[in-house]
Amino acid sequence: MAKSNWYKEMVCYQIWPRSFCDGNGDGIGDLQGVLSKLDYLEELGINCIWFSPLYCSPNADFGYDISDYRNISPEYGNNELFKQVLDEAHKRGIRVIMDLVVNHTSDEHPWFKEGIDKNSPYHDYYFWRDGKGKGLPNNWNSLFEGKAWEYNKENNQYYLHLFAKKQADLNMDNPKVREEVKDIMRFWLDMGVDGFREDVITFISKKEGLPNGIPIPQATGMQYYKDGPHIHEYLKEFREVLNEYDCFVVGEAPMMDVKTALTYITEGSDQELDMMFHFQHMSADCLFTEFLATPFDLRKMKKAFTTWQNKLRGKAWNALYMENHDHPRIISRYGSEKYRTQSGKSIANSYFLQSGTPFIYQGQEIGMTSIKLPSLEDYQDVFGVNNYKTLRMLGVPHAKAIERLKKVSRGNARTPVQWDDSEYAGFSSVKPWMPVNPNYKDGVNAKAEMENPDSIYNHYKKLIRFRKENPIVLYGDYKEHNKLSKELYVYERNYQGKSMLVICSYTDKPVVFKAPKGFDLEKGEAVLCNYNDQPQTANMFITRPYETRVYYFK
């Protein structure tokens with residue numbers, strides 16, 4: 001099938017279904033809730049939905065441990081209800097992509113259960129190994145939960161799990177496993193799904209022999225599975241299926257750099273992925289993981305954005321995001337809860353007006369913030385709890401470890417979406433599975449945001465409309481200014497005789513801004529700003545807290 005580039009002009013909205021909207025009154029988000037909010041997404045201007053996993057799962061990692069790839073979890077509905085959501089979304093011009101999680105399955109998947117038997121054809125679907133002496137098969141670490149090997153007493157062997165213990169890694173070197181993956185793709189694509197976000201897809205090929213790795217905290221062994229020996233071969237094989245449909249695929253790739261990314265996403269006949277989610281700009285306040293916290297460094301964020309904008313131009317397409325289900329809320333990280341509206345808009349402008357496809361995470365458009373739950377018992381995230389335990393093992397006192405967990409846990413992004421100021425924020429009619437951030441009573445909810453013309457929600461709505469109406473956002477060039485500034489992110493875009501200057505403050509302190517050479521702000525149109533009482537435009541001005549201005553020159 002001839003492939004189109006519709007994905008370059010879309011705005012995608014990520015739904016983490018458990019916390020989006022409860023439609024049947026059991027405290028858990030579901031597809032009935034999604035169905036009730038499709039008009040809301042259409043009104044916002046969304047034309048694509050990315051669903052985090054909806055499949056059957058025991059929820060050791062809330063859907064990323066799949067026990068049945070072809071059926072929707074009963075918690076969320078069923079296949080018939082999903083098809084209804086799919087059809088209703090398509091009627092509104094909204095495409096739908098699914099999360100494809102094929103690095104691992106749940107240990108409750110039938111393949112795994114049958115594969116415990118060494119004589120089963122499913123045994124080689126996973127990495128089963130005997131222990132060495134009294135030790136483990138190798139020294140690899142799990143990124144989520146201790147060592148990467150779990151003992152199974154039924155067959156006296158260990159199985160590999162790069163993530164949680166209940167997430168057993170699939171052996172992609174087995175051609176039967178790859179056929180299973182292709183069949184799963186076809187199943188959903190034939191139903192009408194428009195593509196996939198592929199979870200940790202660059203980890204699916206492991207080095208033969210699984211040798212011991214260089215000792216790295218929480219990442220020992222990564223050198224032998226990150227961008228593994230057969231990764232390009234396997235993705236090209238999967239691409240043969242994808243090319244049968246007018247769909248797109250974006251890969252998630254931890255520890256990814258631009259040079260390596262281009263081996264996956266360079267446009268052409270050998271292209272394996274259409275876009276790549278990397279994490280470099282999300283490390284502006286940490287080292288690899290939010291648990292290794294550092295002070296926020298705007299220059300680090302800007303360098304990451306600029307590198308990807310410049311290196312991919314003319315070669316590949318950017319995936320743009322600032323929030324997802326794996327990170328604390330961005331206003332609480334890079335912005336200011338005191339200046340929630342101002343910083344939320346400034347952050348939005350800073351990434352949304354770059355070249356690439358923007359992704360919005362549920363609640364981001366209404367300025368939701370991190371919740372900071374008080375006790376360890378409040379956290380249901382295996383990754384966060386394990387990191388708390390690691391901090392304690394390293395001698396960090398309980399109080400400090402809990403403070404770190406409050407700030408950086410993935411649970412901060414997983415609180416129920418705040419729809420209005422009624423009980424439980426309009427998410428559910430009963431107590432939700434996870435606490436609601438109490439600031440929903442203070443105007444941080446969709447109803448209040450929609451009614452306020454100066455809200456973050458209405459700013460995103462304007463951003464989306466501006467992007468659709470002005471090709472400069474999609475296809476213009478990119479040049480960063482004020483590179484050494486610790487407070488301002490400034491860049492220009494140019495396309496077909498039109499120009500745009502984006503100015504974003506990341507501080508509540510006043511900063512002197514001077515227009516770059518070649519720009520006369522008095523000749524431009526001020527659009528997408530976050531202060532209504534702008535002073536008379538001048539080529540030099542002092543910014544207000546988290547001020548953002550966009551000047552458009554026709």
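Trainee: Where is Asn 156 found?

Mentor: Secondary structure here follows DSSP runs numbered from the N terminus, with helices (H or I) of at least four residues and strands (E) of at least two. Asn 156 sits in the loop between E8 and strand E9 (157-160). Keep in mind that this is a predicted model, where local features need pLDDT of at least 70, side-chain atom pairs count only at pLDDT 80 or more, and totals for chains, interfaces and linings use all residues. Residues are numbered from 1 along each chain as its sequence is written, and side-chain values use heavy atoms, with hydrogens and water left out.

Trainee: What is the phi of Asn 156, and is Asn 156 buried or exposed?

Mentor: Its phi is positive, about 60°, although Asn 156 is not a glycine. For exposure, buried means under 20% relative accessible area, exposed over 50%, and partly exposed in between (1.4 Å probe, protein chains only). Asn 156 comes out at 49%, so it counts as partly exposed.

Trainee: Which other residue has a positive phi without being glycine?

Mentor: Try Gln 496, with phi near 50°. Gln 496 is in the loop between strand E19 (488-495) and strand E20 (498-505), and it counts as exposed because its relative accessibility is 64%.

Trainee: Back to Asn 156: how many Å separate its C-alpha atom from that of Gly 131?

Mentor: The two C-alpha atoms are 8.7 Å apart, while the residues are 25 apart along the chain. Gly 131 belongs to the loop between strand E7 (128-129) and strand E8 (149-152), and is partly exposed at 33%. Contact means heavy atoms within 4.5 Å; leaving out neighbours within four places in sequence, Gly 131 is in contact with Pro 137 and Tyr 158.

Trainee: Now a strand residue: what polar contact does the side chain of Thr 105 make?

Mentor: A polar contact is a pair of N or O atoms within 3.5 Å; within protein, one must be able to donate a hydrogen and the other to accept it, and residues adjacent in sequence count only if both atoms are side-chain atoms. Thr 105, in strand E6 (residues 104-106), pairs side chain to side chain with Tyr 126 at 2.8 Å. Thr 105 is buried, because its relative accessible area is 0%. Beyond four places in sequence, its contacts include Ile 66, Trp 111 and Leu 170.

Trainee: And how do I read the nonpolar core? Which residues have the most contacts inside the largest one?

Mentor: In soluble globular proteins, nonpolar side chains tend to be buried together. A nonpolar core is a set of buried Ala, Val, Leu, Ile, Met, Phe, Trp, Tyr and Cys residues joined through side-chain atoms within 4.5 Å. Here the largest has 171 residues, and Leu 31, Phe 51, Phe 82, Trp 188 and Leu 353 have the most contacts inside it. Helix H5 (residues 175-191) gives the most to this core, seven residues. There's also a second, separate core of 12 residues, including Leu 501 and Phe 513.

Trainee: What does Leu 353 touch?

Mentor: Skipping residues up to four places away in sequence, its partners include Leu 463, Phe 466, Tyr 491, Arg 493 and Val 550.

Trainee: One last residue: is Ser 52 buried or exposed?

Mentor: Ser 52 is at 1% relative accessibility, so it counts as buried. Ser 52 lies in the loop between strand E2 (48-51) and strand E3 (55-56). Among the residues it touches, beyond four places in sequence, are Gln 14, Trp 16, Asp 99 and His 325.
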